[in-house]
Amino acid sequence: MTAIYTLTLAPSLDSATVTEQIYPEGKLRCSSPVFEPGGGGINVARAIAHLGGHATAIFPVGGATGHHLRELLIEERVTADTVETKDWTRQNLHVHTESTGEQYRFVMPGAALSDEEFHQLAQKVLAIPPGDILVISGSLPPGVAVAKLCQLINAAQEKGIRCIIDSSGEALAAALKSGNLELVKPNQKELSALMQRELTQPDDVRAAAQQLVDSGQAKRVVVSLGPQGALAVDAHDCVHVVPPPVKSQSTVGAGDSMVGAMTLKLAENAPLLDIVRYGVAAGSAATLNKGTRLCSLENTQKIYAWLRG
């Protein structure tokens with residue numbers, strides 16, 4: 001069976017709280033914080049666990065925040081393969097205001113990685129057996145240049161590791177140049193930036209995604225379209241999956257839930273339509289929750305069944 005691994009270079013310990021309203025100067029009385037693991041690849045691994053699968057999360061940890069993060073993952077039955085770092089793992093803050101329903105996300109810079117710390121993480125990645133799947137997701141921390149990430153992707157692919165990339169900007173553009181990626185998931189804005197032109201019409205989005213596939217940069221391109229679901233392209237098919245209307249509480253975690261669900265289906269060698277349906281179902285399920293919570297199996301299965309008709 002195909003095993004799944006994730007790599008998170010800038011993990012975080014996320015805390016979420018609720019307050020009545022936000023205003024300057026005064027003391028804002030908040031609810032007791034809820035702590036959860038954070039960081040792209042870590043959340044992908046968590047989503048996979050929530051959906052009944054298994055993934056090993058590879059990431060750096062430092063200080064008390066890093067150890068708290070690792071303990072939380074153990075509680076969620078996510079296998080953690082870590083490298084100890086000098087710098088403490090960052091802590092982010094998510095605040096929900098009851099009076100307006102608005103969310104505020106305070107995101108700190110990732111802990112810096114030394115050359116030796118990055119090398120240790122790279123060695124863990126390159127020990128992944130050929131044919132297994134590696135999801136690289138999240139931002140790059142200080143000390144890690146895009147070129148370093150691309151070198152790691154190239155080395156992993158040379159070993160036969162199947163790579164999925166969920167990133168943006170310069171990191172996504174550089175990763176695509178490695179070619180032959182199993183799957184990438186830009187949103188419409190990120191795809192426009194890659195193409196260096198505005199993609200406002202569905203046909204424009206489809207043509208741009210098809211261009212990435214035809215050029216050999218990625219085997220599958222799934223473009224997330226928010227409430228309009230996702231448009232996906234591979235060498236044989238083009239599909240558009242629109243979710244049912246749901247009352248969204250928060251979009252935090254929707255993208256990672258979507259990637260986790262799609263990775264599970266990809267590991268099962270499912271067809272593109274099935275991969276995208278399950279991804280959209282999990283992403284929609286995540287929006288039903290307040291704060292930073294990810295998809296649940298129950299809600300994902302309900303929406304997935306609806307999408308399958």
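This passage describes the nonpolar cores, two helices, the largest pocket and several single residues of a predicted model.

The interior of the predicted model may be considered first. The largest nonpolar core has 46 residues, and those with the most contacts inside it are Leu-51, Phe-59, Val-222, Val-276, Val-280 and Cys-295. Among the helices and strands, it is helix 9 that gives the most to this core, with 9 residues. A second core, separate from the largest one, has 42 residues and includes Ile-58, Leu-121, Leu-126 and Leu-152. Within the largest core, Val-276 offers an example of how residues from separate parts of the sequence meet: when its neighbours within four places in sequence are left aside, Val-276 is in contact with Val-222, Ala-230, Ala-232, Val-239 and Val-241.

Helix 7 covers residues 202–214, and its length can be compared with the length expected for its number of residues. Because a helix is expected to span 1.5 Å a residue, the 13 residues of helix 7 should span 18 Å, and this agrees with the 18 Å found between its end C-alpha atoms. The buried residues of this helix are Val-205, Ala-208, Ala-209, Gln-210, Leu-212 and Val-213, and what covers them includes helix 5 (169–178), helix 6 (188–195), strand 11 (221–224) and strand 12 (230–233). Just after helix 7 comes Gly-216, which takes a positive phi of about 85°.

The same comparison of length can be made for helix 8, whose 14 residues should span 20 Å at 1.5 Å a residue, in agreement with the 20 Å that separates its end C-alpha atoms. Helix 8 is mostly covered, since 13 of its 14 residues are buried. The helix is followed by Asn-269, whose phi is positive and near 60°. Asn-269 is found in the loop between helix 8 (254–267) and helix 9 (272–286), and its positive phi belongs to a residue other than glycine. With a relative accessible area of 60%, Asn-269 lies over the 50% cut-off and is therefore exposed.

A positive phi in a residue other than glycine is also found at Glu-25, where the value is near 75°. Glu-25 has its place in the loop between strand 2 (12–19) and strand 3 (34–38). Its relative accessibility is 82%, so Glu-25 counts as exposed.

Attention now turns to the largest pocket, which has a volume of about 1,200 Å³. This pocket is lined by 48 residues, of which Thr-251, Gly-253, Ala-254, Gly-255 and Asp-256 lie nearest its centre. The elements that give two or more residues to the lining are strand 2, strand 3, helix 1 (40–50), strand 6 (90–97), helix 8 and helix 9. The largest share, 4 residues, comes from helix 8. When the residues of the lining are divided by character, 14 are nonpolar, 25 are polar and 9 are charged.

Thr-251, one of the residues nearest the centre of this pocket, can also be placed relative to Leu-288: the two are 37 residues apart in sequence and 8.5 Å apart in space, C-alpha to C-alpha. Leu-288 lies in the loop between helix 9 and helix 10 (297–308), and with a relative accessibility of 29%, which falls between the cut-offs of 20% and 50%, Leu-288 counts as partly exposed.

Two further pairs of residues allow separation along the chain to be set beside separation in space. The C-alpha atoms of Ala-64 and Thr-89 are separated by 8.0 Å, and these two residues are 25 residues apart along the chain. Ala-64 has its place in helix 2 (residues 63–75), where its relative accessible area of 48% makes it partly exposed. In the other pair, Val-144 and Asp-132 are 12 residues apart along the chain, while their C-alpha atoms are separated by 25 Å. Val-144 lies in the loop between strand 8 (133–137) and helix 4 (146–158). Although placed in a loop, Val-144 counts as buried, because its relative accessibility is 8% and the cut-off for a buried residue is under 20%. When its neighbours within four places in sequence are left aside, Val-144 is in contact with Leu-9, Leu-113 and Phe-118.

Conventions: Residues numbered from 1 in each chain as written. Predicted model: local features only at pLDDT ≥ 70, side-chain atom pairs only at ≥ 80, totals over all residues. Heavy atoms only, no water. Buried < 20%, exposed > 50% of the residue type's maximum accessible area, 1.4 Å probe, protein only. Core = buried A, V, L, I, M, F, W, Y, C linked by side-chain atoms within 4.5 Å. Contact = heavy atoms within 4.5 Å. Expected span 1.5 Å × (residues − 1). 1 Å grid on protein atoms, 1.4 Å probe; cavity = no way out; pocket = protein on both sides within 12 Å on 5 of 7 lines; lining within 4 Å. Points joined across faces, edges and corners; volume = space filled by probe spheres on them. Nonpolar A, V, L, I, M, F, W, Y, C, P; charged D, E, K, R; others polar.
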